[in-house]
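Let's take a walk through this structure together, one stop at a time. Keep the 3D view open as you read.

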2 protein chains.
Amino acid sequence: MNPRESNRRNFLKNGAALAGLAMGTAASALPAAAESAPDIDELHKYGERSHLVKSVRIGSINNPERRLKDEPVAFGLKSPLQDQAGMITPSSLHFIVSHGYEPPDIDPQEHRFLIHGMVDRPLIFTVDELKRLPSVSRFHFIECHGNSSPGGPGGPERKSVAATPQDTHGFTSCSLWTGVPLSLLLKEAGVQKGATWITAEGSDASKHSKSIPIGKALDDALVAYGMNGEPIRPEQGFPLRLVTPGWQGINNVKWLHRIQVVDEPYMAMMETSRYPSVKLDGKSRWFEFELGPKSVITRPSGGQRLPAQGYYEISGLAWSGGGAIRRVEISADGGKTWKDAQLHDPIAKKAHTRFTAPWNWNGEEAVLQSRCTDDQGTVQPTVAEVAKLWGADVDYLRKTSAIVGDFNAIQPWKVNRDGSVQNAIF
Amino acid sequence: MNPRESNRRNFLKNGAALAGLAMGTAASALPAAAESAPDIDELHKYGERSHLVKSVRIGSINNPERRLKDEPVAFGLKSPLQDQAGMITPSSLHFIVSHGYEPPDIDPQEHRFLIHGMVDRPLIFTVDELKRLPSVSRFHFIECHGNSSPGGPGGPERKSVAATPQDTHGFTSCSLWTGVPLSLLLKEAGVQKGATWITAEGSDASKHSKSIPIGKALDDALVAYGMNGEPIRPEQGFPLRLVTPGWQGINNVKWLHRIQVVDEPYMAMMETSRYPSVKLDGKSRWFEFELGPKSVITRPSGGQRLPAQGYYEISGLAWSGGGAIRRVEISADGGKTWKDAQLHDPIAKKAHTRFTAPWNWNGEEAVLQSRCTDDQGTVQPTVAEVAKLWGADVDYLRKTSAIVGDFNAIQPWKVNRDGSVQNAIF
């Protein structure tokens, strides 16, 4: 007999015996206690948060017409960054951008992962077989390339003066990803001469495919099965996800079932019709992948209200596709002066990093901003600098609803005299 | 209007309008799509794991008579270490040792935290007030001092040859804890001369109290409100928990509502009647706090079966109350030879550290063991060495059901020729 079964049965048996014994001495009390004893295995087998904690993902939909036609990019949900402690996003609150309302219901015992194409030995793995191989666990953020952009999905609420960090920056999340380095699997398969790209495909209904240069595949990409200590959540790709650290979210293919090694990018639908950002001169920004340095103060932030003058800790998150965060500076006077924030461990490459700084609010208007620098020396730009990169001005960014990705401008929050905090991006 | 409400209402309105328009052109298709469109906010506001992932905490009860009388240490549940990826324990699977079946249902808005006793300025905080103060986030394990002991709660299944790592070592878990350093709060309160201890009290029904030397309180103790990115779970102390890194679990007072600064230890019930471990010479081991270096291989491990000869990654967890893990060695031949395992980031002080090592199984019997060393140079002992510390022999440890805490002996797993893996502690 399984020792667990045995334990439980012994308990029930002993409990019943004690109750029986007690009958003669205190007939009313102990039997009732025995009967009312709950099954603690059932009560606590997988815990839940307090019913008084209300933090939730919020849907961000600006294309109902697409949704009704069942077209791609039907919906996204943003993560409540303002409620997060530390640098890990709880898995239940990881942002979602997806092409179907429900993730595929995949049985991990039945799932197969194939590597084929320009390789000497095509390989096929079960999830259990992958778990036998050398593994790594690394903190990495995943971010939709449209996150915090004034246009595109989520743009309308991003620009609202009432916006929270969830509204402005909620399409990014950070997890501890566990899996097998893709480089190891490709080495095992034997990549042939002339191979320059891979195409990764998910097993969702839309068969989402993405081309990725083989250099990235051989660098730090992961075939991940674990997320924050447990199997990847269904909404995040259960049972397997390709993790491409620091690259646009779309490269992190969920429900991964196939990688084909090829010698040219496969012009998948998402690469040609939806995702390339268009500059004002009409040229697309093709095949851009790496996300720039970005940061946001999560407390105090839009939608909050400071109850009184006095001490507040400024706290926020910074990240970069270029590497680790080396520095975060804080301004409380609209950008006139800046001082260094404290960075908190772990400071991992291509991961959210928590920063804090002390601040005393004197009751006057104030504008709070954070500006990060990554270990390549790249500095987070101002809105004006971002506009210039796009060949536009700030007024264009304010008005456009065109998809504008890779918008990593400094985020200002305005503190009013009544303690209310507002989005002051434009 | 709240922008979230606004978003959802706009979507519903637009959806309805489109459906209305469509009526004239494709009366049967689009209205049905509109009606069947689910409320995605509701579907995905707080995600769940796949229904096919079955890993759960398991109750460990060997005192049904106490439970029926509603006495302390009524129940505990062990965490499924063998299923965990990386070094973070999912909050839903964090082990529990508790004095009531259900945690208190505390409203964080109503909760108060008091510091009083030998201080110049008694202080009282709401949870929101604590969140305004300087915060830190740190990885720390919490471990019941009876974890992995052959006696005490959990002893019977710990000794079974069929034991899994959950059965043998499931009373430890590791989280990212976020909160305010207790040292900062005590400094603010002004600790008076002559104060040598604190007494921390929870607001559960049993008013669990614990005395802690003031040196620890001023060192690295935390008044924590965050756990793995979100509010502490009810089973782990929501809304506040005292975290005493590296010290026996009982010092990490849940549902913390009061700290009294005193000049002697308060002989709380749990300190005098239940927890001191008794040596064979009859002397108690009073006021021991720091947990020794310990490790366990979680894969391959008891209860698993290797499907075939060949390559396996050995993977496990190591931790020490004395500091960070500096080294883990692996033996696959019953302790004759040892080689270094790889340690994976983050390697944090007083936190679980993930280790891995390559292993080729040749189909013969094998005994797998791990042995860790912390950054104080303390090495995890053998069973014989632990027995000697207790003034006993291995046979005594095998037979006893007395509470024997702080049992950190090396854990051997025996691999049989049929691939089955068994607990070989005795």
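Which residue does T199(B) stand opposite in β9(B)? The partner is S211(B). Keep in mind that you're looking at a predicted model.

Let's stay with the strand β8(B), residues 197–202. On one side, β8(B) runs antiparallel to β9(B), residues 209–213, and 5 bridges join the two. These strands form a hairpin with 6 residues between them, and there K207(B) takes a positive phi near 50°. β8(B) also has another antiparallel partner, β13(B), residues 256–262, joined to it by 6 bridges. Here you can spot I198(B) standing opposite V261(B). So how enclosed is β8(B) by the rest of the structure? Largely, because 5 of its 6 residues are buried.

Now hop over to A392(B), which sits in the loop between α11 (383–389) and α12 (394–399) of chain B. With 17 other C-beta atoms within 10 Å, A392(B) is partly exposed, because a residue needs 20 or more to count as buried and 12 or fewer to count as exposed. If you look for G170(B), you'll find its C-alpha 25 Å from that of A392(B), with 222 residues separating the two in sequence.

Last stop: chain A, which splits into domain 1 (3–44), domain 2 (58–285) and domain 3 (294–423). The centres of domains 2 and 3 of chain A lie 26 Å apart, taken over C-alpha atoms. Where these two meet, 35 residues of domain 2 are in contact with 34 residues of domain 3. On the domain 2 side, β6(A) gives the largest share, 4 residues. By class, that side has 14 nonpolar, 18 polar and 3 charged residues.

How values were computed. Residues numbered from 1 in each chain as written. Chains lettered and ligands numbered in written order. Predicted model: local features only at pLDDT ≥ 70, side-chain atom pairs only at ≥ 80, totals over all residues. Domains from an automatic or database assignment. Contact = placed C-beta atoms within 7 Å. Nonpolar A, V, L, I, M, F, W, Y, C, P; charged D, E, K, R; others polar. Pairing = 2+ DSSP bridges.
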